[in-house]
Amino acid sequence: QFVVNQARLKDTGEALSEELVSLRSRQSSIPQASLIIRQRICAALELDEKDLPFIGELLQVREHEQDWEGAIERVLHNFALSMLVPEALYGQVSLYVEQTHLKGRLVYHRVPAQIASPRKQSPEKNSLYHKLEIKTDSACYEWIEKELLERFDYHCCDDLQQFQRAVKAISLNGQIKSGQGRHEKDDRHRLNDRTRYVLGWSNKSKIDALNDQLDRLVKQIGEVEVQRVQVDKQQEKLRHQQQWIHDLLRYESYQEINWQQVAQAIADLVKEKQQLEESSDLLKKLQQQLQETEDSIRHAGSMRDKKMSDCSDLRAGIKHSEQQLELIAN
């Protein structure tokens with residue numbers, strides 16, 4: 001699971017890096033996948049990319065209306081990703097799209113050479129129209145203005161009561177009321193997620209947002225790697241435990257592994273050995289004392305025999321002396 005997550009995060013990181021490289025080379029906020037389709041069309045038909053602009057490249061939220069940027073981006077997201085094809089190029093582009101596998105999704109609008117006046121000329125003060133500016137030097141200016149007035153004349157409501165009363169409205173939180181009772185709120189992505197913004201002719205804020213997202217992703221990849229290492233260690237520990245259990249199951253009796261009993265027996269034998277050694281030392285001492293006593297007795301016997309011999313000699317001497325005295329007296 002960690003390997004899959006890590007691979008997914010790395011793929012996402014690589015895609016973000018590629019998108020950042022692309023964004024730094026241009027001013028548009030249109031996703032790279034859409035731009036690649038346009039590049040192929042222009043290369044095949046030998047056209048300049050400016051001849052086939054995306055609506056998002058020609059529209060942006062006014063600077064003093066930034067509070068509404070998230071809601072407006074949500075309302076105009078798909079419209080902004082549509083490519084504009086001038087009448088003069090429509091035949092070529094239509095034929096190429098028909099005959100080519102685009103490897104992606106493309107929505108394009110045919111822009112007539114002559115633009116009819118919009119049905120609604122005076123949008124309300126709080127209309128979405130007033131919160132946007134169209135690139136003034138665009139050849140499609142009038143077509144975009146007409147579409148905004150006729151299709152996107154939403155009332156921008158600051159509170160829910162206004163929203164409920166209006167026929168066609170959007171709220172600051174991105175709820176859309178498109179008329180005839182239809183409501184929509186798409187919270188699959190954060191309202192202020194600038195990485196998904198597509199309007200404007202400056203993409204600095206989108207680059208900053210993608211850089212932040214990439215930093216968080218790199219950190220997340222590092223955290224997943226740490227978790228993977230920890231899981232590997234835990235798995236290794238479990239494998240050792242599994243081997244221990246496998247080895248343990250080979251024994252049929254607890255007595256075969258009752259190491260405490262063996263340890264106690266060893267301790268008893270060691271103690272007995274010490275006692276025997278101590279007893280052996282005492283025996284040696286007694287034997288030594290016995291030998292010394294026997295030696296003393298033998299020595300005393302020798303001394304006695306010598307004294308007795310000396311006494312015999314003395315008696316013999318006395319007897320001889322007595323015999324001499326008798327002779328002298330007679």
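Me: In this predicted model, rings of Phe, Tyr and Trp pair if their centres lie within 6.5 Å. Which residues do ring pairs link into a cluster?

Reply: The whole structure was searched, and three aromatic pairs were found. Ring pairs join four residues into a cluster, namely Phe79, Trp143, Phe152 and Tyr154.

Me: How many aromatic pairs does a search of the whole structure find, and is the pair of Phe79 and Phe152 stacked, edge-to-face or tilted?

Reply: The search of the whole structure finds three aromatic pairs. For Phe79 and Phe152, the ring centres are 4.7 Å apart and the planes stand at 45°. Planes under 30 degrees apart would count as stacked and planes over 60 as edge-to-face. The angle between Phe79 and Phe152 falls in neither group, so the pair is tilted.

Me: How many residues apart are Phe79 and Phe152?

Reply: Phe79 belongs to helix H3, residues 69-80. Phe152 is in the loop between helix H5 (141-151) and strand E5 (155-157). The pair therefore links distant parts of the chain, with a separation of 73 residues.

Me: Is Phe79 buried or exposed, and is Phe152 buried or exposed?

Reply: A residue counts as buried when its relative accessible area is under 20%. Phe79 has a value of 4%, and Phe152 has a value of 7%. Both values are under the cut-off, so Phe79 and Phe152 are buried.

Me: What angle do the ring planes of Phe152 and Tyr154 make?

Reply: The ring centres of Phe152 and Tyr154 are 6.4 Å apart. Tyr154 is buried, because its relative accessible area is 8%. The pair of Phe152 and Tyr154 is described as tilted because its planes lie at 40°.

Me: Which residues of H5 are buried?

Reply: What covers the buried residues of H5 includes E1, H3, strand E2 (83-86), E3 and strand E4 (132-134). The residues under this cover are Trp143, Ile144, Lys146, Glu147, Leu148, Leu149 and Glu150.

Me: Which residues does Lys206 touch, not counting residues up to four places away in sequence?

Reply: Lys206 is part of helix H7, residues 204-248. Its relative accessible area is 5%, so Lys206 is buried. Once residues up to four places away in sequence are left out, Lys206 touches Leu23, Ser29, Arg194, Thr195, Tyr197 and Val198.

Me: With which residues is Ser171 in contact, leaving aside its neighbours within four places in sequence?

Reply: Ser171 belongs to strand E6, residues 169-171. At a relative accessible area of 14%, Ser171 is under the 20% cut-off and therefore buried. Apart from neighbours within four places in sequence, its contacts are Trp68, Ala71, Cys157 and Phe163.

Me: How far apart in space are Arg26 and Leu325, C-alpha to C-alpha?

Reply: Arg26 is in the loop between helix H1 (2-24) and H2, and it counts as buried at 16% relative accessibility. Not counting residues up to four places away in sequence, Arg26 touches Glu19, Pro31, Gln32, Leu35 and Asn203. In sequence, Arg26 and Leu325 are 299 residues apart. From C-alpha to C-alpha, their distance in space is 164 Å.

Me: What is the radius of gyration of the protein?

Reply: The C-alpha trace spans about 200 × 55 × 45 Å along its principal axes. For a compact globule of 330 residues, a radius of gyration near 20 Å would be expected. The protein itself has a radius of gyration of 56 Å.

Me: What percentage of the residues in the protein is buried?

Reply: The secondary structure comprises eight helices and eight strands. The protein exposes about 22900 Å², of which carbon and sulfur atoms supply 51%. Among the 330 residues of the protein, the buried share is 32%.

Me: What is the phi of Glu46, and what is the phi of Lys103?

Reply: Most residues other than glycine have a negative phi. Glu46, in the loop between helix H2 (32-45) and strand E1 (59-61), is exposed at 75% relative accessible area. Lys103, in the loop between helix H4 (90-99) and strand E3 (108-111), is exposed at 65%. Both have a positive phi: that of Glu46 is near 55°, and that of Lys103 is near 60°.

Notes. Residues are numbered from 1 along each chain as its sequence is written. This is a predicted model: local features need pLDDT of at least 70, side-chain atom pairs count only at pLDDT 80 or more; totals for chains, interfaces and linings use all residues. Side-chain values use heavy atoms; hydrogens and water are left out. Helices (H or I, at least four residues) and strands (E, at least two) are DSSP runs, numbered from the N terminus. The radius of gyration is taken over C-alpha atoms; the globule rule is 2.2 Å times the number of residues to the power 0.38. Buried means under 20% relative accessible area, exposed over 50%, partly exposed in between (1.4 Å probe, protein chains only). Accessible areas come from the Shrake-Rupley method with a 1.4 Å probe; for residues, only the protein chains shown count as cover. Rings of Phe, Tyr and Trp (its six-membered ring) pair if their centres lie within 6.5 Å; planes under 30 degrees apart count as stacked, over 60 as edge-to-face and the rest as tilted. Contact means heavy atoms within 4.5 Å.
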